Amino acid sequence: MRHLFLFLILSVCVSVSAEDLVILSTNDTHSNIDSDKDGTGGILPRKAIIDSVRNAEKNVILVDAGDIVQGTLYFKYFHGDVEYPLFNMMGYDIRILGNHEFDNGIEELAKYWKDVKGARLSANYDFKDTPAEGLFDPYTIKKIGKHKIGFVGINIDPESLIQTDKYGAMKYRDAIKTANETAAYLKNKKKCDLVVAVTHIGYNELDKLSDVKLAEQSRDIDIIIGGHSHTFVDPKNDKSDPYWIMNADGKPVLVTQTGKYGKNVGYIKINLDKIDSRDFSYDLIPVTDRFPEKAYDKKMQAFLEPYRHVVDSINSNKIGISLTDMPNGLKTGAFVNWTADMALDVAKSISASQKESDSSFHEIDLAIMNVGGIRQPIYKGAITEGQILATFPFSNKLNIIRIKGSDIIDAMKVASRKGGEAISRNMRVVADSTGNLKNVIIDGTAMDPNKIYTVATIDYLAEGNDDLRSLANNTVVWKSPEELSALVLRYIKNLNSLGLPVNPDPTPRFVFNAVQ
């Protein structure tokens with residue numbers, strides 16, 4: 001009710017101070033163009049909120065902190081033809097890259113970003129000698145009345161996150177060092193009254209650079225608008241991550257993030273005459289279906305219609321049934337287990353087929369998949385082709401690799417510290433309550449660090465990405481010619497032809513502090 005009250009206030013009030021600034025923000029919308037089945041999110045309701053704030057306030061800056069693509073059929077089929085024009089229609093003033101903007105390679109990134117309206121910021125990516133050279137600025141300055149507001153764009157380290165062939169010759173500069181140098185330049189040389197870092201590095205990532213670390217080590221940054229970790233920094237929840245972080249000089253920095261999938265719009269209101277006293281208010285406006293259709297942008301509706309028709313037709317093709325809800329975004333449980341078990345079953349079938357012509361082809365020992373590759377939930381009931389294509393949207397391909405047990409154990413050390421990963425049914429990983437590894441068990445016995453195991457995984461992990469660097473110490477013995485989604489579709493269709501449902505095992509396979 002409070003959020004609805006806030007919206008009504010925004011809809012009817014007129015700002016009385018020309019020295020107030022409202023910054024609206026989004027992050028990690030991930031191609032979620034339509035509202036969810038419960039009526040949350042959706043790009044048309046979001047535009048209605050933005051329009052209402054712009055009508056109520058004199059000075060509004062709209063910012064996005066990256067990852068506008070990847071996660072639904074809109075990107076799977078149209079490669080950015082939907083998201084980029086719609087974001088231009090929404091009138092974003094400032095945008096930065098997320099890591100998923102690289103998913104189709106730097107050539108496609110450059111193709112779409114050359115037409116992006118508003119400021120395109122990246123201070124710590126050097127695009128020299130790449131197709132994206134000249135497309136991004138390190139900062140931009142907005143003038144509001146007598147005040148100057150500097151914005152700097154800060155991006156994540158691509159190592160072990162973005163496949164190297166996707167970003168090519170792009171070079172990464174240390175994010176904290178670059179952010180602080182640029183912020184000091186904006187404050188001291190450009191005489192900016194306020195410096196805002198728009199980041200895609202994560203709120204508080206384990207053993208990594210994060211917004212919290214940036215805030216703590218900064219001196220000239222006043223506000224951080226973040227993305228990447230999908231963190232819901234809720235100012236109305238005392239148990240939420242804190243949104244005020246003290247900097248190196250003991251001054252508070254406002255650190256914000258709106259969660260994911262466009263379900264909230266960040267709302268920061270700043271009294272520019274009282275920047276030193278931190279007269280900032282921070283709230284989140286939920287994006288819901290409370291608006292009448294007449295409030296939606298007609299141009300955006302007309303543009304979207306043919307794309308939505310294609311997506312709806314694919315979503316109507318039923319291929320199987322699930323006996324339970326399988327939420328995504330969890331480190332352990334039903335969906336991650338099912339994904340690893342599916343990979344194990346598919347790889348075993350491939351191994352059996354290979355043995356017909358090569359009797360020396362190895363039996364499959366286990367499967368390791370990545371939680372981050374599961375982008376959408378599957379709900380109890382009918383499963384459609386569109387759901388699977390949106391749930392496994394990446395161009396990853398199944399690999400069968402040979403690798404030492406010690407390298408698997410090292411990867412599981414990282415996975416347990418992160419809270420879990422997708423591992424097959426014959427595995428258990430035991431750790432203490434803080435995630436420190438105690439044991440890796442396969443088929444009821446401790447993994448032999450000196451043994452060579454045959455593992456089903458995806459090329460993304462086989463290259464050592466997702467921080468599982470030791471998995472790169474492998475020999476690839478088989479590569480799928482098809483994307484993972486094609487294998488998943490065939491697997492579910494085969495189950496359905498046999499009269500079998502998707503029936504995942506929900507038992508956690510990462511066991512934390514079970515025995516003292």
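Both Y125 and F127 are buried. In this predicted model, the two residues form an aromatic pair with edge-to-face geometry. The ring centres of Y125 and F127 lie 6.0 Å apart, and the planes meet at 85 degrees. Y125 and F127 also belong to one aromatic cluster. The other members of that cluster are Y84, F102, Y112, W113, F136 and Y172.

Aromatic pairing extends beyond this cluster pair: the structure holds 19 aromatic pairs. One of them joins F78 and Y307. Their ring centres are 4.9 Å apart and their planes stand at 80 degrees, so the pair counts as edge-to-face. The link spans distant parts of the chain. F78 sits in helix α3 (residues 73-78), while Y307 sits in helix α9 (residues 298-315). The two residues are 229 residues apart. F78 is buried, and Y307 is buried too.

The overall fold was examined next. The protein chain contains 14 helices and 25 strands. Its radius of gyration is 24 Å, close to the 24 Å given by the globule rule for 516 residues, so the chain is as compact as a globular protein of that length. The C-alpha trace spans about 80 × 50 × 50 Å along its principal axes. Buried residues account for 57% of the 516 residues. Contacts in the chain were considered for residues at least 6 apart in sequence, and 78% of these join residues at least 24 apart.

The surface and the charges complete this picture. The protein chain exposes about 21,300 Å². Carbon and sulfur atoms supply 49% of that area. The chain carries 62 positive and 68 negative side chains. The centres of these two sets lie 3 Å apart.

Two residues stand out for their backbone angles. D129 is not a glycine, yet its phi is positive, at about 65 degrees. D129 lies in the loop between β5 (125-126) and β6 (139-144). Its relative accessibility is 62%, so D129 counts as exposed. K191 also has a positive phi in a residue other than glycine, with a value near 60 degrees. The loop that holds K191 runs between α7 (175-189) and β9 (194-200). K191 counts as exposed because its relative accessibility is 56%.

Loop residues with other surroundings were then considered. V287 is placed in the loop between β14 (280-286) and α9. With a relative accessible area of 1%, V287 is buried. Residues up to four places away in sequence aside, V287 touches G39, T40, G41, G42, P45, R46 and I49. On the same basis, V287 also touches G262, K263, N264 and V265. G202 is separated from V287 by 85 residues in sequence and by 22 Å in space, C-alpha to C-alpha.

Three lysines in loops provide further examples. K117 lies between α5 (106-113) and β4 (119-121). K117 is exposed, with a relative accessible area of 56%. Neighbours within four places in sequence aside, K117 is in contact with N88 and Y92. The C-alpha atoms of K117 and F87 are separated by 8.6 Å, and the two residues are 30 residues apart along the chain.

K208 is located in the loop between β9 and α8 (211-216). Its relative accessible area is 32%, so K208 is partly exposed. K208 touches K213 and D467, not counting residues up to four places away in sequence. D157 is 51 residues from K208 in sequence, and the C-alpha distance between them is 9.4 Å.

K236 occupies the loop between β10 (223-225) and β11 (244-246). At 41% relative accessibility, K236 counts as partly exposed. K236 and Y282 are 46 residues apart along the chain, and their C-alpha atoms are separated by 9.6 Å.

Terms used: Residues numbered from 1 in each chain as written. Predicted model: local features only at pLDDT ≥ 70, side-chain atom pairs only at ≥ 80, totals over all residues. Heavy atoms only, no water. Helix = DSSP H or I, 4+ residues; strand = E, 2+ residues; numbered from the N terminus. Rg over C-alpha atoms; globule rule 2.2 N^0.38 Å. Buried < 20%, exposed > 50% of the residue type's maximum accessible area, 1.4 Å probe, protein only. Contact = heavy atoms within 4.5 Å. Areas by Shrake-Rupley, 256 points an atom, 1.4 Å probe, with all protein chains shown as cover. Lys, Arg positive; Asp, Glu negative; His and termini not counted. Charge placed at Lys NZ, Arg CZ, Asp CG, Glu CD. Phe/Tyr/Trp six-rings, centres within 6.5 Å; stacked < 30°, edge-to-face > 60°.
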